[in-house]
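Please open the model in your viewer and get your selection tool ready. We will go from stop to stop, and at each one I will tell you what to pick and what is there.

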Amino acid sequence: MVKIEMSDTEVKKRRSNFALLNRTVIKPGYCTSCGGCEAVCPVYVISIEQLVPKLKGGCISCGACVDVCLRYKQRVEQPAIEEESLGTIIELYRGKSKLADVKENSQNGGIVTTLLLTAMKKQKIDGALVTSHVTDLLGPTPMLALNELDIRKASRSKYTLNPVLTKLTSIKLSLKEKVACVGLPCHTETLSNAIEMKNLGADFRVKYKIGLFCMSSYNPSAFRSIITQNLGLSAESLNKTDCARGKFFFVGPDGTTDIKIKECAEAKAEGCKYCSDFSAEFADIAVGNIGVADDSNIILIRTEAGKELFDFALNENVLDVEKVPKEKWEEALAAAKKLSTTKKKHVKPLPPIES
Ligand SMILES: Cc1cc2nc3c(=O)[nH]c(=O)nc-3n(C[C@H](O)[C@H](O)[C@H](O)COP(=O)(O)OP(=O)(O)OC[C@H]3O[C@@H](n4cnc5c(N)ncnc54)[C@H](O)[C@@H]3O)c2cc1C
Ligand code: SF4
Ligand code: SF4
Ligand code: SF4
């Protein structure tokens, strides 16, 4: 065996640490506030404050936060962006939940909530990483749901930045062994990195990754100001927010108000400008609404794990869905492909890291 001698300075230089993450991802504005770095730190010295990861103690230069970060990996690997691709798909469905209360209270067809509820009820999962809200729908609150009530409360989309992966720590510290995680494309990509790392407590017993389609996300305080100043609405009064056909819709006690997405451009999160994934390509199951009725979902099964979870719900007879035959995929996915391609075409490139 050849032994390579290195001086202390060389060893230090080669180790990655929070300073590297800060210099290459956080400071230049590439961070998506996904929360993964906070969760994998073995000495718990990273804290996401005001959506920005901060160092709060002594970094031991283990490199976990750097390895897990999707943006760091993308800067290093410079993956090719395939403009026409929606990622791997093994089966395609469209439809909605059969559960009346879920359909009433969910974002679209309630497929995500139904998959989680059914799996929890039949002990296929013992926890679900979801995004609830405490004050209003523009202030997402990640949580590890341990019962059906918490899963139901997390229904509906929150269109603002969300460090959902910080709650991987709750999975790490709990006795839960079969967890499903729901997240946006950036969340599912960092989560995949965390699962792959399999060290430093990062093998999180995550059985299923459910991804949501995402065009972009918004800065909560800037978004709240826009709806207050431009529409005279208070975020606390909103029962539902939606995004479709170039507009945001806000449903409150006095009906529905809308605003063009273009008019919200200044509230768009900086880190989203570098994002090329629309359809949650790293998920086991990806769910969206584009190309189907407002009260329905389009569902992309990407992996065997995703198929297992979806087939389980099918067998429990809680889904009102049709399987799209392969020859009809192109037509069924045309609208999703159009949005995805637009996103990939307009993405700001992430520069390679200079040594
Ligand atoms: C920021 C954002 C942008 C989106 N953009 C598009 C789009 O452009 N086109 C499209 O077709 N679909 C988009 N979606 C997905 C769509 O809004 C629905 O989430 C999806 O169709 C699933 O509907 P459902 O009825 O099954 O959801 P539900 O059954 O209501 O479940 C929603 C689930 O989403 C999770 N969730 C809510 N907000 C967040 C968040 N901010 N981060 C992580 N998880 C969250 C909750 O934990 C909950 O489990 C977007 C969603 C979000 C959050
Ligand atoms: S993108 Fe995620 S993992 Fe990377 S620095 Fe930001 S919060 Fe941390
Ligand atoms: S994960 Fe490792 S490198 Fe990152 S801050 Fe924590 S101790 Fe430092
Ligand atoms: S646009 Fe990309 S980075 Fe922004 S929230 Fe959506 S998935 Fe995450």
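Before the first selection, a word on residue classes: Ala, Val, Leu, Ile, Met, Phe, Trp, Tyr, Cys and Pro count as nonpolar, Asp, Glu, Lys and Arg as charged, and the others, Gly among them, as polar. You are looking at a predicted model, in which local features need pLDDT of at least 70 and side-chain atom pairs count only at pLDDT 80 or more, while totals for chains, interfaces and linings use all residues. Residues are numbered from 1 along each chain as its sequence is written, and chains are lettered from A and ligands numbered from 1 in the order in which they are written.

**Stop 1: ligand 1**

Select ligand 1 and the residues near it (C-beta atom, placed from the backbone, within 6 Å of it). There are 33 of them, and the closest are Ser 106, Thr 113, Val 130, Gly 288 and Ile 290. Now colour helix H7 (111-121), strand S4 (127-133), strand S6 (179-183) and strand S11 (285-288), the elements that give two or more residues to this shell. Helices (H or I, at least four residues) and strands (E, at least two) are DSSP runs, numbered from the N terminus. H7 provides the largest share, three residues. By class, the shell around ligand 1 holds 16 nonpolar, 15 polar and two charged residues.

**Stop 2: helix H7**

Stay with H7 for a moment. How many of its residues are buried? A residue is buried if 20 or more other C-beta atoms lie within 10 Å of its own, exposed if 12 or fewer, and partly exposed in between, with C-beta atoms placed from the backbone. In H7, 10 of the 11 residues are buried, so the helix is largely enclosed by the rest of the structure. Among these buried residues are Val 112, Thr 113, Leu 116 and Met 120. After the helix, click on Gln 123: its phi is positive, near 55 degrees.

**Stop 3: the eight-stranded sheet**

Next, show the open sheet of eight strands, ordered S5-S4-S6-S7-S11-S12-S3-S13 with mixed pairing. Two strands pair if DSSP finds at least two bridges between them. S5 and strand S13 (319-323) are the edge strands with a single partner each, so one side of each is left without a neighbour in the sheet.

Zoom in on S4. Five of its seven residues are buried, so S4 is largely enclosed by the rest of the structure. S4 pairs with S6 in the parallel sense over three bridges, and with S5 in the antiparallel sense over six. A hairpin of six residues links S4 to S5. Leu 129 makes a good landmark: it stands opposite Cys 181 in S6, and its bridge partner in S5 is Leu 144. Further along, Ser 132 stands opposite Thr 141 in S5.

Click on Leu 144, in strand S5 (residues 140-145). Is this residue buried or partly exposed? Leu 144 has 19 C-beta neighbours inside 10 Å and so counts as partly exposed. Leaving aside neighbours within four places in sequence, Leu 144 is in contact (C-beta atoms, placed from the backbone, within 7 Å) with residues including Gly 127, Lys 167 and Ser 174.

**Stop 4: ligand 2**

Move on to ligand 2, which has 16 residues around it; Cys 31, Cys 34, Gly 36, Cys 37 and Cys 69 come nearest. Helix H2 (18-26), helix H3 (36-40) and helix H5 (70-77) each supply at least two residues of this shell, with the largest share, three residues, coming from H2. The shell around ligand 2 divides into 10 nonpolar, five polar and one charged.

**Stop 5: domains and the three-stranded sheet**

Finally, colour by domain, with bounds from an automatic or database domain assignment: domain 1 (13-77), domain 2 (91-218 + 268-346) and domain 3 (220-267). The contact between domain 2 and domain 3 takes 13 residues from domain 2 and 14 residues from domain 3. On the domain 2 side, these are five nonpolar, four polar and four charged. The C-alpha centres of the two domains lie 23 Å apart.

Then select the open sheet of three strands, S8-S9-S10, with antiparallel pairing. Strand S8 (240-244) and strand S10 (255-260) are at the edges, each with a single partner strand, so one side of each is left without a neighbour in the sheet. Strand S9 (residues 247-252) is joined to S10 by six bridges; one place to click is Phe 248, whose bridge partner in S10 is Ile 259.

Note on methods. Two residues are in contact if their C-beta atoms, placed from the backbone, lie within 7 Å.
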